[in-house]
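Open your viewer and keep the selection tool handy. We will go from confidence colouring to a helix and then to the cores.

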Amino acid sequence: EAAAVAAPSQPEVAPGSAASAVVLPERLQRREAERQQGVERQRQKKEAQVVKEEQSEFFLAAFAREREAVEALLAAGTLEEAAARLQALQKLLTGSVRFLAPYEVRQGQETVARLQGDLAARRQQLQPKKKFAFRALKKEAAPGSAPRPAELAPPDPAAPDPGPGLAEGESGGPPLCGFSGAQDAELELGPAELLQRDVLLSELRGCRVRLRGNPNTLRVRDCSGCTVLCGPVSTSVLVDGCSDCLLALACQQLRTHRTRDCRVYVQVTSRAVIEACSEVSFAPYSWSYPGIERDFESSGLDRNSNNWNLVDDFDWLATDRPSPNWSLIPEQERITCWD
């Protein structure tokens, strides 16, 4: 009886039995499979990091070589070749953004901007000086008439300082071409007039502007009720102090300041920036014209890289709520036919 009471109610599985041979290997197999998956994930992560580092090292070496070449060409006064190499440098940076660290992208953009400033300064320095001549006073343009594109002389060194009224990123000298002060006019510039030039549109009212070509930079200042359609801009676009405007822009950098109630159709390779703005809405760039592919090639912009819906609002620091100052244009409301 005592032996019967002491006997276990459930039969134990002997270590060498068939049941043990089935249960134990299954558990070990699961653990081994999980371990192998973890090892594989670590290996892939390490390989991806190595590839990224190798790509970054290759970019930094190539970027340094191109930068030195541009600096040498600028010093020698070979400006057209310097401009071409600078475009290639910008294209290299744009195509490498996906694997570069943010600080590397920022340093590259600052270097390109500095070289562009150096190029503009060298062009002005080597520009032949105009002979002195008395100039007749300009007649007032008739209301509603379209002004000719601005072809302005270099600034007079003896002229008073223009003061602090310039927009960010704008030089103190006059623009190479553009339109100013027109009202209710149809304004247009073509590829030959725009190629790698700096363009300023200022104080326009109710105008429709078509810029078919590849400018270097574009500034749109103090315009209202205007439509501005522009081909690919090699570097930056600044929209400042505008209201009730429709803009189609393709560029590397877009900055929008003191602007309200504007619709922007944009292709931009970095993130757009707005500051002191309200009721600004965005959609992907869709304007087209004969020869635009050639202008994109000249600009160095990548047509497959477009961050049109990524906008940084410098006046909105909350990360858990979207900024109320900008929005996306609903797809059914976007313009598809511009003519």
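Start by colouring by pLDDT, the predictor's confidence in each residue, from 0 to 100: the protein averages 79, and 76% of the residues score at least 70. This is a predicted model, in which local features need pLDDT of at least 70 and side-chain atom pairs count only at pLDDT 80 or more, while totals for chains, interfaces and linings use all residues. Residues are numbered from 1 along each chain as its sequence is written, and side-chain values use heavy atoms, with hydrogens and water left out.

Next, select residues 1–11, where pLDDT is below 50 and the model has zero contacts (heavy atoms within 4.5 Å) beyond near neighbours in sequence. Then try residues 130–175: pLDDT stays under 50 here, with 49 contacts beyond four places in sequence.

Now pick helix 3, residues 79–96 (helices here are DSSP runs of H or I, at least four residues; strands are runs of E, at least two; both are numbered from the N terminus). Its buried residues (under 20% relative accessible area, 1.4 Å probe, protein chains only) include Leu-79, Ala-82, Leu-86 and Leu-93.

Move on to the largest nonpolar core, a set of buried Ala, Val, Leu, Ile, Met, Phe, Trp, Tyr and Cys residues joined through side-chain atoms within 4.5 Å. Of its 39 residues, Leu-201, Leu-204, Leu-218 and Leu-254 touch the most other members. Strand 10 (residues 260–268) gives the largest share, four residues. A second, separate core of 17 residues includes Phe-63, Val-70, Leu-89 and Leu-100.

Finally, centre on Leu-254: beyond four places in sequence, its contacts include Val-237, Val-264, Arg-271 and Phe-282.

Terms used. Buried means under 20% relative accessible area, exposed over 50%, partly exposed in between (1.4 Å probe, protein chains only). The expected span of a helix is 1.5 Å times one less than its number of residues.
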